[in-house]
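Visitor: I would love a close look at one part of this protein. Could you take me through it slowly?

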Amino acid sequence: MALDFPALPLAFQFTSPGPILVKIGPIIIRWYGLLIASAVLIGVSLSQYLAKRRHVNPELLSDLSIWLVIGAIPAARLYYVLFQWSEYAQHPERIIAIWQGGIAIHGAILGGVVAALIFAKLKQISFWQLTDLVAPSLILGQAIGRWGNFFNSEAFGRPTNLPWKLYIPWERRPPNLANFEYFHPTFLYESLWDLMVFALLIVLFFRALSGRPRLKLGTLFLVYWVAYSLGRFWIEGFRTDSLMLGPLRMAQVVSLMGISLGLAGLAWLYLLRRPLPDVVSPLKGDGALE
């Protein structure tokens with residue numbers, strides 16, 4: 001049921017202009033693809049800059065980005081399709097139609113972690129060293145990518161009449177909510193949350209450059225995982241299109257697991273004062289966080 005609020009002078013009604021940015025004959029440029037590509041390019045540039053500040057070869061991050069794209073995007077799509085299989089089984093030709101939306105960030109993270117582990121082993125560099133340099137770029141990319149949901153009119157929340165409501169076209173509404181026009185802009189909630197997490201990671205990164213606080217390898221990635229999962233857990237509660245496993249919202253289950261594992265990792269580092277298991281020993285004098 002939508003909640004009624006009085007009209008306010010400073011109100012923001014979000015209305016998507018549609019998923020297509022430019023169409024010239026057979027050439028179609030979609031907002032979703034443009035945002036994903038922009039997120040990757042900005043993320044690579046940022047991670048290379050952070051690598052330089054840690055005296056790590058920035059070309060390593062450039063090479064890693066290729067591995068991450070190859071590992072993350074197919075895994076994100078596979079994760080989404082598996083939990084929506086009843087729909088895609090009837091339309092298998094849509095499985096590869098990633099430009100229409102339908103990728104899961106948890107799948108992307110899992111695929112990216114596997115790719116980074118293999119890359120770190122092959123390059124003989126600490127996995128946690130790489131993840132600490134990539135974590136700020138990752139969360140910034142998520143903040144940018146969430147706007148793809150806005151242009152596709154997807155991943156929205158429950159009906160609402162809040163001043164910052166989101167208009168959803170009739171054909172994009174769930175059948176049981178077809179009579180409602182306005183919904184929670186959960187894309188905006190998550191994008192803003194991600195930007196706050198990004199700011200936290202950047203502050204920690206640059207404070208560590210001056211030696212306060214003294215961060216151990218893996219800290220930034222674990223903080224990212226805990227902070228993002230906290231936000232995703234409560235935002236997912238607004239969603240009307242969550243991927244489900246029986247009665248459970250998968251994103252909330254995975255978020256709880258992420259919070260637990262992240263806190264356990266931080267306790268391992270700072271309470272037990274032991275390094276995280278790694279594929280190789282951290283290099284010395286190359287910008288390690290500790």
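Visitor: How many bridges join S1 to strand S4, and which way do the two strands run?

Guide: Happy to help! This is a predicted model, where local features need pLDDT of at least 70, side-chain atom pairs count only at pLDDT 80 or more, and totals for chains, interfaces and linings use all residues. Residues are numbered from 1 along each chain as its sequence is written, and side-chain values use heavy atoms, with hydrogens and water left out.

S1 and S4 (residues 166–167) are joined by 2 bridges and run parallel. Strands (E, at least two residues) and helices (H or I, at least four) are DSSP runs, numbered from the N terminus, and two strands pair if DSSP finds at least two bridges between them. Across from Tyr167 in S4 stands Thr15. The open sheet has 3 strands in the order S1-S4-S5, with mixed pairing. Its edge strands, S1 (14–15) and S5 (182–183), each pair on one side only.

Now for the rings. Phe, Tyr and Trp (its six-membered ring) pair if their centres lie within 6.5 Å; planes under 30 degrees apart count as stacked, over 60 as edge-to-face and the rest as tilted. That rule gives 21 aromatic pairs. Phe14 and Phe187 are edge-to-face because their ring centres are 5.9 Å apart and their planes stand at 90°. This pair links distant parts of the chain, with Phe14 in strand S1 and Phe187 in helix H7 (residues 186–209), 173 residues apart. Phe14 is buried (under 20% relative accessible area, with exposed over 50%, partly exposed in between, 1.4 Å probe, protein chains only), at 17%. Phe187 is buried too, at 2%. Both belong to one aromatic cluster with Trp31, Trp147, Phe150 and Phe151.
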